[in-house]
Amino acid sequence: SVTYKNGDFEIKASDAMTLTANGYNAAYDGAAHSATITSTMPEGTTIAYTVGDGEWTTEAPSIQDVGSIEVAIRATNKNYTTKETSVTLAVTQKAVTVTGDDGSKVYGEADPDEFTATVEGNLNGDAIIYTVSREAGVDVGHYAVIPTGATSQGNYSVTYKNGDFEIKDS
């Protein structure tokens, strides 16, 4: 007599899936930036993200303002071995220049009520805080128009450049 026994046939998860991603590292541009998956994922793969000890979510975290976060990324698929990687998202300060506006007056006249400066490099009308003064002097000649303020202002790294104010001979 012949006896038949069922055997086991196991289909194991493939290790062929790869997970590669790019982070982000650039100067502030006012936009939100997140990690980008650069590998092609097999059908049925779920990508999840977490920051620090946070919960895993399928919504990719992003960064907009100056700072840095480490993002863990996990790819799961019932037919493949789970893969994980991590990337850094970093935004650095954008360079801004505040330049004293040039001006002049005739000797003996009063200075303008206010000295001004021009801001270049800020986005969306973001405020840069500064004051403007003039180098002391009343004689005919050239005097600096001096903008001053903090060099680090939130999303911006600020450089100050003097303008020129001339007192002319009458």
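This report covers one sheet and the salt bridges of a predicted model.

Residues are numbered from 1 along each chain as its sequence is written, and side-chain values use heavy atoms, without hydrogens and water. Because the model is predicted, local features need pLDDT of at least 70 and side-chain atom pairs count only at pLDDT 80 or more, while totals for chains, interfaces and linings use all residues.

**The sheet**

Strands here are DSSP runs (E, at least two residues), numbered from the N terminus. Two of them pair if DSSP finds at least two bridges between them. An open sheet is built from 4 strands, ordered β10-β16-β13-β12, with mixed pairing. Its edges are β10 (103–106) and β12 (131–134). Each edge strand has a single partner, so one side of each lacks a neighbour in the sheet. From one strand to the next, the twist averages 20°; axes for such angles are lines fitted to C-alpha atoms, and angles run from 0 to 180 degrees between N-to-C directions.

Strands β10 and β16 (residues 163–168) run parallel and are joined by 4 bridges. Opposite Val-106 stands Lys-168 of β16. In general, strands of a sheet pair through backbone hydrogen bonds, either parallel or antiparallel.

**Salt bridges**

A salt bridge requires a side-chain nitrogen of Lys or Arg within 4 Å of a carboxyl oxygen of Asp or Glu. The rule yields 3 salt bridges.

| Pair | Closest N to O |
|---|---|
| Asp-15 and Lys-83 | 2.7 Å |
| Asp-111 and Lys-105 | 2.8 Å |
| Asp-111 and Arg-134 | 2.9 Å |

The Asp-15 and Lys-83 pair links distant parts of the chain, 68 residues apart. Asp-15 lies in the segment before β1 (21–22), and Lys-83 sits in strand β8 (residues 80–92). Accessibility is graded by relative accessible area: buried is under 20%, exposed is over 50%, and partly exposed is in between (1.4 Å probe, protein chains only). Asp-15 counts as exposed, at 53%.

**The network**

Salt bridges link Lys-105, Asp-111 and Arg-134 in a network. Asp-111 takes part in the bridge to Lys-105 and in the bridge to Arg-134. The pair of Asp-111 and Arg-134 also links distant parts of the chain, 23 residues apart. Asp-111 is in the loop between β10 and β11 (117–120), whereas Arg-134 belongs to strand β12.

How buried or exposed are the members of this network? Asp-111 is partly exposed, with a relative accessible area of 27%. Lys-105 is buried, at 11%. Arg-134 counts as buried, at 17%.
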